[in-house]
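Got your viewer open and a selection tool ready? Let's take a walk through this one, stop by stop.

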Amino acid sequence: KIEREIMEAAFKGFGLEADTLFYDATNFFTFISTTNTRNTLAQRGRNKQKRHDLRQVGMALVVSKKDQIPLFHHTYQGNLNDASVFKGAIKNISRRIKNIGLDIRQHTFVLDRGNNSKANLGIIEGLGLFYVGALSPVNHKELALKALEALAAESAGEGQTEFYRAQTQVWGAERTIVAFVSGKLKEGQARGIHSMLAKKEKQLAKLQNKLKEPKAKKRNRKQLMTQINNILKTNQAKELIEWELKWKSKGRYELSFQINNQEIEKLETAFGLRILMTNRHSWSTTEIIEAYYGQANVEKAFKELKNPYHLTVKPQYHWTDQKIKVHNFICVIGYLLSALLHRELRSQANYTASINTMLNELKNIRLATILTENKDNGKIKTEYQIEKMSAGEEALFKALGLQNLLKKRVKIKGFSVYN
């Protein structure tokens, strides 16, 4: 309720606008003891900062496209997956949009493929919401194949286009599909495959050399096969690496392996494929793609909330569920105030730096208290003076009208900021 009232006041007071809304979720590791059974929020799960050994708390966030204003946040148990969290949060998000006074039909939700499911999209459409999301080519092989064939045919002819677009049935409903090959994603996937293969080759070569040693201990074939399968534990590795275990003599085996380059070439044809879907059938292909890539806005917000110097959610010096929720709420409100201040500076002073830079510069604007003793009567005279500022700090100082605070000090319930 408090967050809703603050958001209402912010939208009315600052004349904020929102059309496209970005949703995502992340997690924050904690140092809450494993033996602490009174805490239910902090649970072990797949930590995005690779601290799988620690209990974590999840946070879902919705921010606006313009100004990255946080409209909604939700703290949840660290062992829940993204799709289940979204299912529980979407109705509350819909209510928040209406409470703020925004027209739900004029807004579009952008979510990544981790939140997609037939049930979730059914809830979104049942609430009258528009959305842009992504589909996994692995889970929609027929659609991916059709898109790749169309893209290949177009690139072979004249007047080629870079996108495949169609209206088709996905999960029992008509959706607009846009498929394209992302160069950045393609490079990343290629690097990932070759890095994985290099790692597997190294592990297999190590085992191969051990088996070749004259004094190597005798091995059991079944145990060796289990060991090899554990090395090649992913389906991708098993498809790309061919191996053979030959019997030499009692307890002695020879391992040989090679990379299947034909399978790699086949796999590379699908690298970089992104499949987007939306129920905004009237939107252009460019609008759909730009909306999806705007997901970086919520990632920027999480980056600020993970900044260890200003708006950081961690470390959390709390262990009860209620206090963790309050702590996260305060951090989100801190980010909201920072985003509003950043918005004002961009409009008033053409400020282009990040929120983090803004907070660093504001932190360096300091007021010095100068105490001077009167030689005649011994009374102490108090004066205030701004410390020397850099050009950037001085520009912020003037843009925010901070010089006026020296003339007329701010009072809160009768108490002055400076005494």
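Start by selecting Asp 67, Arg 343, Glu 344 and Arg 346: these residues are linked in a network of salt bridges. Keep in mind as you look that this is a predicted model. Now zoom in on Arg 343 and Glu 344, whose side chains meet in a salt bridge, 3.2 Å from N to O. Is Arg 343 buried or exposed? Arg 343 is buried, since its relative accessible area is 17% and the cut-off for buried is under 20%.

**Other salt bridges**

How many salt bridges does the structure hold? There are ten. For another one, pick Glu 3 and Arg 96, where the side chains form a salt bridge with 3.0 Å between N and O. This pair ties together distant parts of the chain: Glu 3 sits in helix α1 (residues 2–14) and Arg 96 in helix α2 (residues 82–100), 93 residues apart. Glu 3 counts as buried, because its relative accessibility is 7%. Arg 96 is buried too, with a relative accessible area of 10%.

Next, jump to Lys 381 and Glu 383. Their side chains also meet in a salt bridge, this time at 3.8 Å from N to O. Glu 383 is partly exposed, with 36% relative accessible area.

**A buried arginine without a partner**

Side chains of opposite charge can pair when their charged atoms come close. With that in mind, select Arg 55, in the loop between β1 (20–29) and β2 (56–64). Which side chain of opposite charge is nearest to Arg 55, and how far away is it? The answer is Asp 321, 7.0 Å away; Arg 55 is buried yet has no salt bridge. A salt bridge needs the atoms within 4 Å, so the 7.0 Å to Asp 321 does not qualify.

So what does the side chain of Arg 55 reach instead? Show the backbone atoms around Arg 55 and look for two oxygens. The backbone oxygen of Ser 33 lies 2.5 Å from a polar atom of the Arg 55 side chain. The backbone oxygen of Asn 36 is reached by the side chain of Arg 55 at 3.0 Å. Widen the selection to see what else is in contact with Arg 55, leaving aside neighbours within four places in sequence: the list includes Phe 28, Phe 29, Thr 30, Ile 32, Ala 42 and Arg 44.

**Along the same loop**

Stay in the loop between β1 and β2, and click on Lys 50. Check the backbone here: phi of Lys 50 is near 65°, a positive value in a residue other than glycine. Lys 50 counts as exposed, given its relative accessibility of 65%.

Gln 49 is in the loop between β1 and β2 as well. At 29% relative accessibility, Gln 49 counts as partly exposed. Setting aside residues up to four places away in sequence, Gln 49 touches Asn 27, Phe 29, Lys 306 and Lys 314.

Follow that last contact to Lys 314. The peptide bond running from Lys 314 to Pro 315 is cis, with omega near 5°. Pro 315 belongs to the loop between α10 and α11 (321–349).

**The largest pocket**

Now go back to Gln 49 and draw a distance to Gln 189: their C-alpha atoms are separated by 20 Å, and the two residues are 140 apart along the chain. Gln 189 brings you to the largest pocket, which is lined by 32 residues. Which residues lie nearest its centre? Select Arg 113, Pro 137, Val 138, Gln 189 and Ala 270. The volume of this pocket is about 1400 Å³. Colour the elements that each supply at least two residues of the lining, among them α4 (141–156), α5 (183–212) and β10 (273–278).

**Last stops**

Strand β10 also holds Thr 278. Thr 278 counts as buried, because its relative accessibility is 0%. The Thr 278 side chain reaches the backbone nitrogen of Arg 280 at 2.9 Å. Beyond residues up to four places away in sequence, Thr 278 touches Tyr 131, Val 132, Arg 175, Thr 176 and Ile 288.

Finish at Trp 171, in the loop between β6 (163–170) and β7 (173–181). Phi of Trp 171 is near 55°, a positive value in a residue other than glycine. Trp 171 is partly exposed, at 29% relative accessible area.

Note on methods. Residues numbered from 1 in each chain as written. Predicted model: local features only at pLDDT ≥ 70, side-chain atom pairs only at ≥ 80, totals over all residues. Heavy atoms only, no water. Helix = DSSP H or I, 4+ residues; strand = E, 2+ residues; numbered from the N terminus. Buried < 20%, exposed > 50% of the residue type's maximum accessible area, 1.4 Å probe, protein only. Lys, Arg positive; Asp, Glu negative; His and termini not counted. Polar contact = N/O pair within 3.5 Å; in protein donor to acceptor, adjacent residues only side chain to side chain. Contact = heavy atoms within 4.5 Å. 1 Å grid on protein atoms, 1.4 Å probe; cavity = no way out; pocket = protein on both sides within 12 Å on 5 of 7 lines; lining within 4 Å. Points joined across faces, edges and corners; volume = space filled by probe spheres on them.
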